[in-house]
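Okay, thanks everyone, let's get going. I'll put the structure up and then talk through a few spots in it.

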Amino acid sequence: ALHQLRRWRARVLHTLWPCDRSLWASLRTPSWWLLQAVGHMPFIGQAWWLILALLVDRRDEYQLCAFVVGLRVSHFVGLGLGAAGYACVQAYRCTLAAAAAQPQ
């Protein structure tokens, strides 16, 4: 059982942050996209990053830096771009509602 957990850990970490492939090679991998999408989901993503924090070897500088950068990118996408997109949609809806309520 421990051997299978280590294999799963290695597969997940190598899929997310491969040391022997470029970003372009990762972009062509469907499993990379799936794991990235899980990290950006609202509630599942928080648990996912907590699990990844437990999986990362803190003595390995590459894994640690990749984890921190990935976590910050996830925050930027979810909190920054997501909130900006939500605000734009709400402003548009408010403008439509104000235009519809105004007599012509």
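I'll go through some aromatic rings, a helix pair, a serine and a salt bridge. Keep in mind that what you're looking at is a predicted model.

Let's start with the rings. How many aromatic pairs does the structure hold? There are three. The one I want to show you is Trp17 with Phe67, and that pair is edge-to-face. The ring centres sit 6.4 Å from each other, with 90° between the planes. What I like here is where the two partners come from: Trp17 is in the loop between α1 and α2, while Phe67 belongs to helix α5, which runs over residues 61-101. They're 50 residues apart, so this pair links distant parts of the chain. Are those two buried or exposed? Trp17 comes out at 13% relative accessibility, under the 20% cut-off, so we call it buried. Phe67 is at 11%, so it counts as buried too. Ring pairs also bring in Trp49, and together Trp17, Trp49 and Phe67 make up a cluster.

Hang on to Trp49, because that residue turns up again in the helix packing, on the α4 side of the contact with α3. Helix α3 covers residues 30-40 and helix α4 covers residues 44-55. Their axes are 6 Å apart, and the packing angle is about 115°. The range for roughly perpendicular goes from 65 to 115 degrees, so α3 and α4 get that label. Which residues make the contact? From α3 you've got Leu35, Val38 and Gly39, and from α4 there's Ile44, Gly45, Trp48 and Trp49. Sorted by type, that contact has five nonpolar residues, two polar ones and no charged ones.

Next, a serine. Ser26 is in helix α2, residues 23-27. At 3% relative accessibility, Ser26 is classed as buried. What does Ser26 touch, once you leave out residues up to four places away in sequence? The answer is Pro18 and Trp32.

Last stop, the charges. The structure holds one salt bridge. In that bridge the side chains of Arg59 and Asp57 meet, at 3.3 Å from N to O. The two partners fall into separate accessibility classes: Arg59, at 78%, counts as exposed, whereas Asp57, at 23%, counts as partly exposed.

That's my tour. Happy to take questions.

Terms used. Residues numbered from 1 in each chain as written. Predicted model: local features only at pLDDT ≥ 70, side-chain atom pairs only at ≥ 80, totals over all residues. Heavy atoms only, no water. Axes fitted to C-alpha atoms, helices over the stretch in contact; angles between N-to-C directions. Helix = DSSP H or I, 4+ residues; strand = E, 2+ residues; numbered from the N terminus. Parallel < 35°, antiparallel > 145°, perpendicular 65-115°, else oblique. Contact = heavy atoms within 4.5 Å. Nonpolar A, V, L, I, M, F, W, Y, C, P; charged D, E, K, R; others polar. Buried < 20%, exposed > 50% of the residue type's maximum accessible area, 1.4 Å probe, protein only. Salt bridge = Lys/Arg side-chain N within 4 Å of Asp/Glu carboxyl O. Phe/Tyr/Trp six-rings, centres within 6.5 Å; stacked < 30°, edge-to-face > 60°.
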